[in-house]
Amino acid sequence: MMIIDMHCDTVLKAYQEKCRSAFSFPSAHFDLSRMQGAGVKIQFFALFPGLSSALSPYRQAILLADYFGEQLQKNSGIIRLITSRQSLLQVIDSPQRGALLTAEGGEVLEGNLRKLGILYQRGVRSLCLTWNHRNEIADGAAEIKPEGLTLFGRQVVKEMNNLGMVIDLSHIAEPGFWDVLELSAYPVLASHSNSRFVWEHARNLTDDQIRGIAQRNGVVGLNFVADFLGKPGSGPEQLLRHIDHICGLVGDDYLGFGSDFDGTDNLLTGIKDVTFFSEFIAYLYKQNYKETTIRKLCGENVLRLLQEIL
Ligand SMILES: [Zn+2]
């Protein structure tokens, strides 16, 4: 079973904890040996500018990219960076694992389109346009009276389309979300967002938003953050409610996983770390989910999107 996980914050956590290896990191939710054991084939790694330092968001992203690049080099026999359709297919056809580098929060561009090009050269292939607050591109989900894409935001969307970068709409407020859907020539992701119908939370997607993503052949990535999923104390059965609702709404071609490992201390009860994936797949079989649905959910839907955009 090919598993693709569209979001983790392990790079920031490893850097903050001064780890010499982000890939051998027992206190994190994720590291290389557990990734292999759990069957994760491709992991998206976010550069999230959350360092408590005086460095600007862009500088933080570069610093984290440098750190991650060194880690990748040291583990190049096992995992490689995916930067093109060709490298994606090579990873799929080999025993190697793939890493897809993303940036979380368009503030890393600091309003400068040239910085998008530099991040692209550094291997970044997806950008989450906002985090929870306002930036130069658009407003995040925590803004009280959010507005849509700015002029700069529109330039970013077009340039991401030109470069072959994946636009990620997790965290963005609704006006910007709909502006992007209207403007983008390619499908989009919401890499780590759940259903707001199942559980009311500003970080979750409404049914209309999920339909909008599906109509454009995009993918919604379920995360494992307890607060975003349901009542305190809910277990993995709560994930099934989100899966069932989204599949009931748009079918099983638009759903994937975006765990948010190492981006939260608040995982759903029963989830310890990346090894949960193999337990959860067994659980899905036990609950009589169709094998084709499980395959699509685990990775095939995301693979389709990556093949189209990269
Ligand atoms: Zn996030």
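**Values against definitions**

Colleague: Where in the chain is E110 placed?

Modeller: E110 sits in the loop between β4 (97-104) and α5 (113-121). This is a predicted model, and each value below is computed from it.

Colleague: How do you know whether E110 is buried, partly exposed or exposed?

Modeller: The relative accessibility of E110 is 27%. Buried means under 20% and exposed means over 50%, with partly exposed in between. E110 therefore counts as partly exposed.

Colleague: What is the sign of phi at E110, positive or negative?

Modeller: The phi of E110 is positive, about 50°, although E110 is not a glycine. Most residues other than glycine have a negative phi, so a positive value is worth a remark. N288 is treated likewise: its phi is positive, about 65°, and N288 is not a glycine either.

Colleague: Where is N288, and what class of exposure does it get?

Modeller: N288 belongs to the loop between α11 (276-286) and α12 (291-309). With 68% relative accessibility against a cut-off of over 50%, N288 is classed as exposed.

Colleague: Turning to the metal, which residues coordinate the zinc ion?

Modeller: E104 through OE, H171 through NE2 and H192 through NE2, at 2.0 to 2.2 Å.

Colleague: What makes these atoms donors of the zinc ion?

Modeller: A donor is an N, O or S atom within 2.8 Å of the metal. The coordinating atoms are at 2.0 to 2.2 Å, so they meet that limit. Water is not among the atoms, so the site may look incomplete.

Colleague: What spacing do the donors follow along the chain?

Modeller: The spacing is E-x66-H-x20-H. H171 lies in the loop between β6 (166-168) and α7 (174-183), and H192 in the loop between β7 (189-190) and α8 (207-215). The pair therefore ties together parts that are 21 residues apart in sequence.

Colleague: Are H171 and H192 buried or exposed, and how do you know?

Modeller: H171 has a relative accessible area of 6%, and H192 has 1%. Buried means under 20%, so H171 is buried and H192 is buried.

Colleague: What about P187, and where does it lie?

Modeller: P187 is in the loop between α7 and β7. Its relative accessible area is 4%, so P187 is buried. Beyond neighbours within four places in sequence, P187 contacts R216, N217, G218, L305, E308 and I309. The C-alpha atoms of P187 and I167 are 7.9 Å apart in space, for 20 residues in sequence.

Colleague: How far apart are D208 and L229 in space?

Modeller: D208 and L229 are 21 residues apart in sequence and 18 Å apart in space, C-alpha to C-alpha. D208 is in helix α8. With 47% relative accessibility and exposed set at over 50%, D208 counts as partly exposed.

Colleague: Why is S87 called buried?

Modeller: S87 has 3% relative accessibility, and the cut-off is under 20%, so S87 counts as buried. S87 is placed in helix α4 (residues 85-92). Its contacts outside the four nearest places in sequence are R80, L81 and I82.

Colleague: And what class does R34 get?

Modeller: R34 has a relative accessible area of 15%; as this is under 20%, R34 is buried. R34 is part of helix α2 (residues 32-38). Not counting residues up to four places away, R34 touches F25, P26, A28, H29, D273, V274 and T275. R34 and F276 are 242 residues apart in sequence, with their C-alpha atoms 9.9 Å apart.

Colleague: Now the whole chain: how many helices and strands are there, and why is the chain called as compact as a globular protein?

Modeller: The chain has 12 helices and nine strands. Its radius of gyration is 18 Å, close to the 19 Å that the globule rule gives for 310 residues, so the chain is as compact as a globular protein of that length. The C-alpha atoms fill a box of roughly 50 × 45 × 35 Å along the principal axes.

Colleague: What share of the residues is buried, and what share of the contacts joins residues 24 or more positions apart?

Modeller: Buried residues make up 58% of the 310. Of the contacts with a separation of 6 or more, 69% are between residues 24 or more positions apart.

Colleague: What supplies the exposed area, and how far apart are the mean positions of the charges?

Modeller: The chain exposes about 12400 Å², with 49% from carbon and sulfur atoms. The mean positions of the 30 positive and 35 negative charges are 4 Å apart.

Definitions and conventions. Residues numbered from 1 in each chain as written. Predicted model: local features only at pLDDT ≥ 70, side-chain atom pairs only at ≥ 80, totals over all residues. Heavy atoms only, no water. Donors = N, O, S within 2.8 Å, 3.2 Å for Na, K, Ca; no water. Helix = DSSP H or I, 4+ residues; strand = E, 2+ residues; numbered from the N terminus. Buried < 20%, exposed > 50% of the residue type's maximum accessible area, 1.4 Å probe, protein only. Rg over C-alpha atoms; globule rule 2.2 N^0.38 Å. Contact = heavy atoms within 4.5 Å. Areas by Shrake-Rupley, 256 points an atom, 1.4 Å probe, with all protein chains shown as cover. Lys, Arg positive; Asp, Glu negative; His and termini not counted. Charge placed at Lys NZ, Arg CZ, Asp CG, Glu CD.
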